[in-house]
Every structure is written in C-alpha cells, then in structure tokens.
Amino acid sequence: MNVLLVAGARPNFMKIAPLYRESRRYPDVRCRIVHTGQHYDYVMSQAFFEDLELPAPDFFLEAGSGSHAHQTAKIMVAFEEVCEREHPDLVVVVGDVNSTLACGIVAKKLWILLAHVEAGLRSFDRRMPEEINRLVTDAVSDLFFVTEERAVENLVREGKLEEQVHQVGNVMIDNLHHQLERLNRDDQTRFPSFELKKRLGDYAFLTLHRPSNVDSREVFQGIVKAVDRISEEMDILFPVHPRTRETMSRFDVRFSDRVHLLPPLGFRESLFLWKDARVVLTDSGGLQEETTALSIPCVTIRENTERPITVEVGSNVLAGTETGKILDAYGQSLKRAESGSAVPPLWDGRAAERIWRVLVGAGG
C-alpha cells in the first residue's frame with residue numbers, strides 16, 4: 001500500500017506525526033511524507049519535523065508564501081507531478097490549510113483514494129479561508145476521520161454515507177500525550193525560556209496569528225488593550241508568530257512590560273510553557289483542543305469556533321475580539337476552572353491506531 005501523507009503548515013506537522021509513527025507497525029504499508037512548504041520559515045517547519053521525531057520529508061514542494069490562489073495553484077502543480085510519478089494508492093490530508101485543499105483536489109482528479117483526517121469541523125463562517133478549505137476537501141474525500149460527534153452530524157447532513165465517516169478521536173491529542181512523555185524525560189533547563197518561567201508566579205500563555213485578528217489595526221489594538229489589562233493580574237508569555245510581529249511593526253503596536261515577547265517556539269518548548277499556565281489565550285484551533293485534553297482554562301479570541309466540543313465540555317470560553325468581551329471571557333474561564341472540565345470521548349492518545357485500522361482495510 002503506497003501512501004502519501006501531506007503536511008504543509010505548522011498544525012499539520014503535529015497531526016501527521018502520530019500517523020507516521022503508527023504506519024511503521026504495518027510492514028505492507030509504505031508511508032511517505034509530502035511537505036508542501038506552505039510554511040517555509042525554518043522554525044515553523046524544519047525544526048518542527050525534528051521536534052516531532054519526523055524524518056526529513058520524502059518530497060518537498062517549496063510552495064512558499066503568496067496569495068491563497070497563488071499558493072494553492074503552486075502546490076497543485078507540484079503535487080500532481082509527484083502523484084503521476086509515484087502512483088500512490090492513498091493520499092492522506094489533515095486539517096484545513098491550503099495544502100489540504102490543493103492536494104485533496106489533485107488526488108481526486110487523478111482518481112486516487114483520499115482520506116481527510118479532522119474532517120467535518122465547521123465554523124459556519126465562510127469569511128474564514130479555513131472554512132472554505134474544509135468544505136471543499138470534504139466535498140471530494142472518500143474517507144472521513146472525525147474528532148467529535150458534531151463533525152459526524154455535519155458530514156451526514158451534507159450527504160456523506162455513514163460508512164465513510166469514522167469517529168476515531170483526535171490525532172492532536174495522540175501527539176500531545178507522546179510529547180508530554182518525552183518532555184518529562186527531557187532536560188527542561190535547556191529551553192531558553194526555562195529561567196523566565198522559573199521566576200514567574202501565575203502566568204498566562206498567549207498565541208495570536210489569525211489575519212482577522214492581526215491584520216486590522218482596530219481589532220488588533222482592541223485585543224492588545226484586553227491583553228494588557230490581563231497582564232495587570234499576571235504575567236503573559238507570548239511567542240510571536242512572524243505574521244503578528246510584522247503587523248506589530250506596521251501598526252506600531254506595543255504591549256505592556258508584563259507581556260513577555262518570545263520568538264516562535266518548537267512544539268516541546270511551547271508545551272513546556274502552556275501546560276503550567278493558569279489560562280491560555282489563543283486564536284489557534286489546535287490549542288483549543290490541547291488545553292481541553294489537559295483541562296487547562298482556555299479563552300478563544302475569535303467570534304466562532306469549529307471545535308464546539310471544547311466549549312461544551314467547559315474548558316474553553318469563546319470570547320470574540322472586543323476588549324470588554326475578552327475580559328469577560330477571561331473572568332468566566334478562571335471561574336469555570338474551579339469546577340473542572342471533561343475530556344471528550346476517544347481523546348485518549350490512540351486515534352492514529354484507529355485510523356490505520358480503517359485505512360489498511362480500505363486499501364486492502
């Protein structure tokens with residue numbers, strides 16, 4: 001069984017790592033990694049492969065940056081050449097980035113079996129590029145691996161056959177459990193942020209990168225105002241995404257002194273910091289899930305979420321992007337933390353096992 005496993009941007013790497021590791025248990029499966037190069041910065045891609053114990057990719061498409069159309073088109077052309085040369089039996093795409101959409105379309109136009117991991121998630125906001133990527137990828141996929149019951153309902157409502165849809169758990173949580181075990185064995189003093197964390201008391205952890213949050217001066221400044229207010233109560237650790245750093249410079253945005261600006265971090269150093277945070281403030285989809293798995297309070301700085309299960313189990317509060325609403329959500333999050341939260345079904349670190357059992361059966 002000749003399988004191509006596609007990764008393009010930072011969240012993809014965390015999702016393919018458990019899938020790649022599990023594939024090695026099947027001697028009749030040849031699983032190779034396609035890195036589209038959608039994230040081309042070293043810290044955001046190559047370092048992540050090393051951090052996640054992934055080998056160098058078998059194929060690197062060098063997509064680089066550009067508009068959505070330019071990037072998607074470049075990936076499609078390059079991936080078509082790979083597929084025509086390698087004749088895969090199966091293409092596996094994960095998540096909702098441009099690489100997911102591009103490689104999914106190419107696979108189906110070449111009549112290759114296509115599996116979408118993390119299928120069926122919906123924000124119901126078509127202004128989000130990721131929502132378009134989810135809808136189109138799910139429109140052409142053959143097998144759907146989902147993280148929560150709401151995603152099953154979405155796919156069935158959209159006309160997918162129940163036998164195509166498999167609720168398997170969450171590969172992000174597989175990776176999280178694996179990395180926690182490694183982190184506990186690591187010399188944590190090697191992390192550049194070790195001394196900073198050591199001298200802080202309670203602290204929050206912040207990530208912020210979505211264009212809807214950082215590309216508008218008004219929205220970004222409202223978020224900064226809320227973050228600065230929260231920093232009056234506790235320090236905030238903020239690894240700054242390259243996109244966000246650029247807009248900070250362009251808009252002359254400055255945070256208070258208790259917001260500690262860090263460079264982009266590898267997965268384990270990031271985990272080393274947020275796992276002990278009193279609260280996580282984020283616009284990331286992945287962190288909503290990971291904090292839920294560890295029952296860490298999370299405030300999502302967005303108007304909607306495609307991961308409603310994280311709100312339903314009580315770990316995540318959807319804040320919106322206005323200053324007052326973010327502060328209200330922050331207060332709610334700390335109160336909810338006192339009563340704890342549940343972990344969704346099948347978020348047990350074994351999603352990749354379930355996925356490969358289905359894939360091997362389909363390929364056979």
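**Cores, salt bridges and a covered helix in a predicted model**

The largest nonpolar core comprises 55 residues, and Leu-19, Val-92 and Leu-359 have the most contacts inside it. The structure described here is a predicted model. Leu-359 illustrates how this core draws on separate stretches of the sequence: neighbours within four places aside, Leu-359 is in contact with Met-1, Leu-90, Val-92, Ala-115, Leu-143 and Phe-145. Apart from this core lies another, of 30 residues, which includes Ile-223, Ile-230, Phe-238 and Leu-327. In soluble globular proteins, nonpolar side chains tend to be buried together.

The overall dimensions may be considered next. The protein has 16 helices and 13 strands. Its radius of gyration is 20 Å, which agrees with the value near 21 Å that a compact globule of 364 residues would have. Along the principal axes, the C-alpha atoms fill a box of roughly 60 × 45 × 40 Å. Of the 364 residues, 59% are buried. Among contacts with a separation of 6 or more, 69% are between residues 24 or more positions apart. The accessible surface amounts to about 15,300 Å², and carbon and sulfur atoms contribute 49% of that area.

Charged side chains add a further set of links, for a search of the whole structure finds 29 salt bridges. One of these joins Glu-118 to Arg-307, with the closest N and O atoms 3.3 Å apart. The two partners come from distant parts of the chain, 189 residues apart: Glu-118 is in the loop between β5 (113–117) and α5 (129–140), and Arg-307 is in the loop between β12 (298–300) and α14 (308–312). Are these two charged residues buried or exposed? Glu-118 is buried, because its relative accessible area is 6%, under the 20% limit for a buried residue. Arg-307 is buried as well, with a relative accessible area of 3%.

A second salt bridge, between Asp-215 and Arg-243, has its closest N and O atoms 2.4 Å apart. Asp-215 is in the loop between α9 (211–214) and α10 (217–231), whereas Arg-243 belongs to helix α11 (residues 242–251), so the bridge ties together parts that are 28 residues apart in sequence. Here Asp-215 is partly exposed, at 31% relative accessibility, and Arg-243 is also partly exposed, at 36%.

A third salt bridge connects Asp-348 with Arg-354, and its closest N and O atoms are 2.6 Å apart. This pair is mixed in its exposure: Asp-348 counts as partly exposed at 38% relative accessibility, whereas Arg-354 is buried, with a relative accessible area of 17%. Elsewhere, salt bridges that share partners form one network of Lys-15, Asp-96, Glu-118, Glu-131, Arg-134, Glu-289, Arg-302, Glu-306 and Arg-307.

Glu-22 provides another view of a buried acidic residue. Glu-22 lies in helix α1 (residues 10–23) and has a relative accessible area of 10%, which means that it is buried. Its side chain makes a polar contact of 3.0 Å with the side chain of Arg-25. Setting aside residues up to four places away in sequence, Glu-22 touches Ala-352, Glu-353 and Trp-356.

Attention now turns to helix α13. What is the extent of burial in α13 (residues 285–293)? Nine of its nine residues are buried. These buried residues include the polar or charged Gln-288, Glu-289, Glu-290, Thr-291 and Thr-292, and Glu-289 is also a member of the salt-bridge network. At the start of α13, a side-chain oxygen of Ser-284 comes to within 3.2 Å of the backbone nitrogen of Gly-286. After the helix comes Ser-295, with a positive phi.

Two residues may be examined for their backbone angles. Most residues other than glycine have a negative phi. Ser-295 has a positive phi, near 55°. Ser-295 lies in the loop between α13 and β12 and is partly exposed, with a relative accessible area of 37%. Trp-111 likewise has a positive phi, near 60°. Trp-111 is in the loop between α4 (98–109) and β5, and at 78% relative accessibility this tryptophan counts as exposed.

Notes:
Residues numbered from 1 in each chain as written. Predicted model: local features only at pLDDT ≥ 70, side-chain atom pairs only at ≥ 80, totals over all residues. Heavy atoms only, no water. Core = buried A, V, L, I, M, F, W, Y, C linked by side-chain atoms within 4.5 Å. Buried < 20%, exposed > 50% of the residue type's maximum accessible area, 1.4 Å probe, protein only. Contact = heavy atoms within 4.5 Å. Salt bridge = Lys/Arg side-chain N within 4 Å of Asp/Glu carboxyl O. Helix = DSSP H or I, 4+ residues; strand = E, 2+ residues; numbered from the N terminus. Polar contact = N/O pair within 3.5 Å; in protein donor to acceptor, adjacent residues only side chain to side chain. Rg over C-alpha atoms; globule rule 2.2 N^0.38 Å. Areas by Shrake-Rupley, 256 points an atom, 1.4 Å probe, with all protein chains shown as cover.
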